[in-house]
There are 2 protein chains.
Amino acid sequence: MPAVCVIGIGLIGGSVLRAAAAAGWQAFGATTSPTDAELARADGADVCTDVDTALRRAAAEDALVVIAVPLTALDTVLRQIARYAPDCGLTDVISVKEPVAARIAERLPDARYVGGHPMAGSATSGWAGGSVDLFRGAPWVLTTEDDTDRAHWLRTARLALACGAAVVPASAREHDAAAARISHLPHVLAAVLASVAQEGGSLALSLAAGSFTDGTRVAATRPELVQAMCEGNRDALLAAMDDALGRLGVARGALATTGSLAATINHGHQSRLQWAQQQAQATGEFTVPFLEADAPERLRTIGAAGGRIHRISGDVLDGVLPLPQ
Amino acid sequence: MPAVCVIGIGLIGGSVLRAAAAAGWQAFGATTSPTDAELARADGADVCTDVDTALRRAAAEDALVVIAVPLTALDTVLRQIARYAPDCGLTDVISVKEPVAARIAERLPDARYVGGHPMAGSATSGWAGGSVDLFRGAPWVLTTEDDTDRAHWLRTARLALACGAAVVPASAREHDAAAARISHLPHVLAAVLASVAQEGGSLALSLAAGSFTDGTRVAATRPELVQAMCEGNRDALLAAMDDALGRLGVARGALATTGSLAATINHGHQSRLQWAQQQAQATGEFTVPFLEADAPERLRTIGAAGGRIHRISGDVLDGVLPLPQ
């Protein structure tokens with residue numbers, strides 16, 4: 001029975017703890033919130049309020065340690081891991097991957113680490129917001145670099161699959177670039193759109209409906225969460241913002257000089273259709289023997305093509321790929 | 001029993017015809033689509049396929065003529081009105097107001113005209129897409145200029161109220177500026193966001209969920225409709241795009257130099273909250289005797305403050321205003 005130790009049991013960490021336990025893992029965790037610990041224990045979870053104790057137990061049981069705290073608390077947890085569980089395999093569920101990998105390389109240079117990002121969420125937070133099936137069917141990115149420890153990667157992938165997710169292999173850099181475009185930029189554009197509408201005064205806000213409501217929904221999120229997420233992915237987000245600025249500037253120029261927005265609107269429409277088709281279409285299967293030398297590169301190619309791993313048999317990975325468009 | 005003649009019985013025109021008839025107006029219409037005419041007649045509506053005949057009847061019965069065709073068909077209909085019903089009071093339900101007013105001033109300089117824009121829609125189109133309660137509770141902008149014919153404005157406002165809408169008074173210019181910020185810019189930003197995500201490749205599209213899905217929903221709309229709507233409001237949309245470009249550029253600069261997006265994200269969050277509060281909050285009432293000399297200006301002030309007219313008694317308008325924030 002594999003063991004997993006989850007540090008931080010909020011929405012994501014609490015859901016990992018529930019799902020891993022339900023899948024038969026020996027799952028335990030720690031939180032600095034007495035309230036969350038009490039709620040979790042009332043739900044039958046094995047949770048304490050002393051991170052050091054939990055990490056000592058993780059070391060004794062060779063548990064996979066899941067860092068599920070906000071980026072701002074990462075350094076504190078890394079110091080505790082260095083002291084009490086320096087040999088445990090590590091993963092995390094924080095929404096940016098290069099900055100986390102850099103801090104771990106700095107503070108725990110010998111650690112076996114695979115970065116993780118389950119692409120699931122909800123408007124709620126804390127232990128009470130989580131659920132055993134939060135990750136069911138969701139993509140769960142695992143960082144896959146040429147020097148990633150293979151056995152540790154496989155164990156982390158088994159955890160993600162046990163939680164009901166599909167594993168998407170990508171380098172930390174590829175993950176951050178993609179997240180900037182599909183998650184962080186949408187939050188920035190929602191804020192900009194809400195501000196432009198508000199600048200139109202009460203008449204504009206009075207008439208605002210469908211397209212405004214959808215386009216600004218995530219601007220209702222707690223701003224400190226949005227800020228931490230976006231600022232933590234600065235370099236990739238800057239590139240995505242430059243792309244958006246360029247496209248918006250081209251559209252502005254076309255409208256001013258030719259009166260036409262055809263290129264902008266048609267390209268956006270086609271892109272949205274392509275997304276919908278990729279979600280919906282029939283898929284091709286793949287199989288990768290993970291211990292072969294070029295496996296990380298092959299896996300990254302599969303992730304880059306929109307592929308997902310659904311099964312691990314021994315050291316062979318099986319999954320599905322979107323059909324080429 | 002007041003009479004109304006609706007030219008074009010698609011989603012909006014067909015819903016006006018149904019709602020006016022249900023409210024006791026003598027409502028009839030015309031469409032160049034034999035299919036839509038047949039569907040409408042099967043639903044008990046008084047619809048013919050000959051616009052000239054409908055307009056001759058409108059002239060005979062002094063009906064209010066509602067132009068409910070796309071902007072691209074406006075000139076054709078104006079020529080028919082000039083020939084068969086030049087003295088009828090006119091309104092329209094097209095989504096931009098200054099360009100329509102300009103064409104009417106050019107082709108029918110003596111017409112009594114009040115521009116209209118019911119802020120309701122749906123993903124469907126044609127007669128079959130409409131419904132008797134499409135406008136229930138929705139804002140319906142009526143252009144209110146200093147030289148607007150008062151009696152004609154009142155009759156048009158009674159039609160909007162009979163359809164279940166609340167009347168929002170605004171100048172054509174004020175309407176177009178607001179619509180650019182809360183309707184047309186969201187469509188442009190959705191197209192840009194979809195394209196930036198697609199540029200991130202299949203990995204980005206594979207990971208795209210919540211914030212991407214919401215932010216690009218309207219990019220799934222038929223592109224020719226979005227194009228006509230946005231391009232028809234060129235000047236106001238250019239101003240809104242410049243505002244968005246400026247704010248996005250400032251955000252980019254702040255992130256690059258200070259690492260912080262606090263100003264952008266907090267302002268967007270506050271703006272979204274202000275919109276939600278304006279929708280939800282308790283309201284103050286107002287009453288305007290419409291025949292007084294400064295009534296158009298007073299009404300525009302009310303519309304600019306987010307006010308809506310819910311009742312007309314004789315020539316007195318009653319409505320509600322958001323409380324000042």
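Start with chain A and colour it by domain: the assignment gives domain 1 as 3-170 and domain 2 as 176-260. The model is a predicted one. Taken over C-alpha atoms, the centres of domain 1 and domain 2 of chain A are 31 Å apart. Eight residues of domain 1 of chain A and seven residues of domain 2 of chain A make up the contact.

Next, select S95(A), V96(A) and M119(A). In domain 1 of chain A these residues lose the most area to domain 2 of chain A, together 57% of what that side buries. The area buried between the two domains of chain A is about 500 Å², with 56% from carbon and sulfur atoms. Across this interface there are zero salt bridges and two residue pairs in polar contact. The domain 1 side of chain A has four nonpolar, two polar and two charged residues.

Now show chain B as well. Here 88 residues of chain A are in contact with 88 residues of chain B. Chain A and chain B bury about 8200 Å² between them, and carbon and sulfur atoms give 68% of that area. Pick out L207(A), L248(A) and R272(A), which supply 9% of the area that chain A buries against chain B, more than any other three residues.

For the polar side of this interface, zoom to D214(A) and R217(B), whose side chains form a salt bridge at 2.2 Å, N to O. Six salt bridges cross between chain A and chain B, and 36 residue pairs are in polar contact.

Finish on helix α8 (residues 172-199) of chain A, which gives the most to the side touching chain B, with 20 residues. By class, that side of chain A has 45 nonpolar, 30 polar and 13 charged residues.

Notes: Residues are numbered from 1 along each chain as its sequence is written. Chains are lettered from A and ligands numbered from 1 in the order in which they are written. This is a predicted model: local features need pLDDT of at least 70, side-chain atom pairs count only at pLDDT 80 or more; totals for chains, interfaces and linings use all residues. Side-chain values use heavy atoms; hydrogens and water are left out. Contact means heavy atoms within 4.5 Å. Buried area is the accessible area (1.4 Å probe) that two parts lose on being put together, summed over both. A salt bridge is a side-chain nitrogen of Lys or Arg within 4 Å of a carboxyl oxygen of Asp or Glu. A polar contact is a pair of N or O atoms within 3.5 Å; within protein, one must be able to donate a hydrogen and the other to accept it, and residues adjacent in sequence count only if both atoms are side-chain atoms. Helices (H or I, at least four residues) and strands (E, at least two) are DSSP runs, numbered from the N terminus. Ala, Val, Leu, Ile, Met, Phe, Trp, Tyr, Cys and Pro count as nonpolar, Asp, Glu, Lys and Arg as charged, and the others, Gly among them, as polar. Domain bounds come from an automatic or database domain assignment.
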